[in-house]
Amino acid sequence: MKSTRNESGVRRYRTVIPLFVILLAAAFWIGGKLAYRQGVSALAAKGEVRLELYISYLRGVLEKYEGLPELLATNKQLVTFLLNPGSRDRINALNLYLETINNISDTADTYLMNRDGLTIAASNWNTPKPFVGRNFSYRPYFKQAMEGELGRYFALGSTSSERGYYFAYPVRYNRTILGAVVIKIDINMVEENWSDQDETFLVADPDGVIFITTKKNWRFKTLKPLTQKIRRQMIESQRYPNASLEPLTLIEEKAEAHGTIVKLFLEGEGKVKTFLRQEASMPYAGWQVYILSDFKPVERKVAFTLLGILGIGGLGALSMLLFWQHQQQVWERQRFAENSRKMLENANEVLELRVSERTADLTTTNLKLRQEIQERRNTEEELRRTRRELIHAAKLAALGQMSTAITHELNQPLAAIRAYTDNATQFLVKGRMEDVHWNLDQISELTDRMAQLAMQLKIFARKSSGRLNIVPLHGVIDGALEVLVPLITKEKVQLEIQLPPDLVSVQANAVLLQQVMVNLLANSMQAVEGQEDKRIEITARSDGDKVVLRVHDNGPGVDPALAKRIFEPFYTTKDPGKGLGLGLTISARIIEDMGGRIKVVHTGTGACIEITLNTQ
């Protein structure tokens, strides 16, 4: 059965493959033709637009100046001068006048010729090669002007050898032509303004000589070989003196509906290049304008199209091959599937038995894991509760250590209140009301002070939720100092605080951070007890997105060998009865829970504790 299916598949593919090859060849030929036509059409459309723009530009350049000779010919000064040339001074004055006109109109040259073609005044009279005294009667533009028409002509200057377009107009007196006024315009700017275009532009005279081109090495080449007669006429008119007038190297030429496809050998590049040539005429100037568009876009379009067709054909062939292989594998898969089904049934029975056994084991294990997880959670909750109680106990211990100073701080205002009350009573009996008010104001201030101290102690003593917020660092330090100010005053400690004004806030818990500051300042005050000059310095600075806070005293300091142990529980360097060794341990745990760090910094004098906190 398997062999029969294979032979049937081979016969079908022997019929399909030749048909597929024929279809692919037809698609290759038709697709290439369509891509070629579309590419040529698109290139021609673009070229027509560019050619029209170029002709409009050339027309604008010529029209800008063609009316100037006729305007100059009406000048009475030129007519009078041609009737009576006069002295040398009059010639110089006319030269200066033509020079001024030339500068204003931005032309290359302006000059006046008599009826014999002799130049009697010119704008370039003061140059090394002036036109004055030279005869240009052989020039066609002079001949056209002497016939009463506007003369037009393009040529190389016989004196300057510079390219130029000439306009000449007859100067008349009573319908008699006395001479001609001529202007020459520089056309170099035409090439300069269009030299950065992708296309190549050519302007040729009626004889096919290229005199304007965006390819400089094509200048004064010809589109086709010149006849001897035309060469002789050019020599007589001195139109292109010293020009070789060699033709462009044309390899192939093919006419199309949208232009002519030409292949030229580019001598400067040493290779053959294909162009689409389009042309249009400027009859009034006697010019033929050409645009040569690079044919590479068309070639690329055809190549991409053929590659696409080839790719599609390859995909089709690959699909056919894969389909054929798939058909060959279907039967094998069916047979294999039947065998596999039987094997899977047997394996499934064994697997179900094993799964039931493993499920019982996993259920027992899972129950044990849940119990262990619950026990761990209970332990962690108990640990957190114990830590909170320990922190609160440390607070109360710190308050106990400060109780004497706080009692002294409260007794003083109480005694003062009693005295002010007695005084107010006496002043009231005597009718001294102003003094009574003054004593009452003092009593009010003292009660406010006591209330503020009691409030700060209440805030310090209460339990905290541990939640982090953005808190002002200045407020935290002020709150800690409110708690410790009685003890600081009693111990006569000099406290220096240096906080930058732009140091605004940190990410912390205000109550817990205040407790850390109280612990650190209390430790520093105990460290400086034996010093004559007791000093504690609080500084802070920004470090990127963190704030570094230091508490530095001038006590005996911390032994570097013991610096790592001072944060251990129940480790203390104080005398017996002055501490349990938990203050720095609790402070370190609080700072770590806030995402910060605390360490001992050795500065050489006293003890320095450094805290680093995040700003956000």
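**Exercise 1. Find the residue that follows helix α4 and say what sign its phi has.**

Step 1. Go to the end of α4, which covers residues 88-105. Keep in mind that you're looking at a predicted model.

Step 2. Right after α4 comes aspartate 106. Its phi is positive, near 60 degrees.

Step 3. For background, most residues other than glycine have a negative phi.

**Exercise 2. Work out what span the 18 residues of α4 should have, and compare it with the distance between the end C-alpha atoms.**

Step 1. Count 1.5 Å a residue; for the 18 residues of α4 the expected span is 26 Å.

Step 2. Now look at the ends: the C-alpha atoms there are 26 Å apart, so the two values agree.

**Exercise 3. Sort residues of α4 into buried and exposed, then say how the buried ones sit around the axis.**

Step 1. Pick out the buried ones: Ile91, Leu94, Asn95, Leu98, Ile101, Asn102 and Ser105.

Step 2. These residues cover an arc of only 125 degrees around the axis, so they're on the same side of α4.

Step 3. Turn to the other side of α4, and you'll meet Asp89, Asn103 and Ile104, which are exposed.

Step 4. A bit of helix geometry helps here: an α-helix has 3.6 residues a turn, so residues three or four places apart point the same way.

**Exercise 4. Describe how α3 and α4 cross, and who makes the contact.**

Step 1. Helix α3 takes in residues 76-83, and its axis comes within 12 Å of the axis of α4. The two axes cross at roughly 145 degrees.

Step 2. As for handedness, the crossing of α3 and α4 is left-handed.

Step 3. From α3, the contact uses Gln77, Leu78, Thr80 and Phe81. From α4, Arg90, Ile91, Leu94 and Tyr97 join in.

Step 4. Sort the residues of this contact by type and you get five nonpolar, two polar and one charged.

Step 5. Ile91 and Leu94 turn up again from Exercise 3, where they were listed as buried residues of α4.

**Exercise 5. Place methionine 113: which strand is it in, is it buried or exposed, and what does it touch?**

Step 1. Methionine 113 belongs to strand β1, residues 109-114.

Step 2. Its relative accessible area is 0%. Buried means under 20%, so methionine 113 counts as buried.

Step 3. Leave out residues up to four places away in sequence, and methionine 113 touches a list of residues including Leu82, Phe136, Tyr141, Phe142 and Val182.

Step 4. Leucine 178 is 65 residues away from methionine 113 in sequence, yet their C-alpha atoms are 8.8 Å apart in space.

Step 5. Zoom out to the whole protein: among contacts between residues at least 6 apart in sequence, 61% join residues at least 24 apart.

**Exercise 6. Look at arginine 175 and lysine 492: where does each one lie, and what is its phi?**

Step 1. Start with arginine 175, in the loop between β4 and β5. It isn't a glycine, but its phi is positive, about 65 degrees.

Step 2. Arginine 175 has a relative accessible area of 82%. Exposed means over 50%, so arginine 175 is exposed.

Step 3. Move on to lysine 492, in the loop between α11 and β13. Lysine 492 isn't a glycine either, and its positive phi is about 55 degrees.

Step 4. With a relative accessible area of 68%, lysine 492 is exposed too.

Methods:
Residues are numbered from 1 along each chain as its sequence is written. This is a predicted model: local features need pLDDT of at least 70, side-chain atom pairs count only at pLDDT 80 or more; totals for chains, interfaces and linings use all residues. Side-chain values use heavy atoms; hydrogens and water are left out. Helices (H or I, at least four residues) and strands (E, at least two) are DSSP runs, numbered from the N terminus. Buried means under 20% relative accessible area, exposed over 50%, partly exposed in between (1.4 Å probe, protein chains only). Contact means heavy atoms within 4.5 Å. The expected span of a helix is 1.5 Å times one less than its number of residues. The arc is that of the directions from the helix axis to the C-beta atoms. Axes are lines fitted to C-alpha atoms, for helices over the stretch in contact, and angles run from 0 to 180 degrees between N-to-C directions. A crossing is left-handed if the near helix is turned anticlockwise from the far one by less than a right angle, and right-handed if clockwise. Ala, Val, Leu, Ile, Met, Phe, Trp, Tyr, Cys and Pro count as nonpolar, Asp, Glu, Lys and Arg as charged, and the others, Gly among them, as polar.
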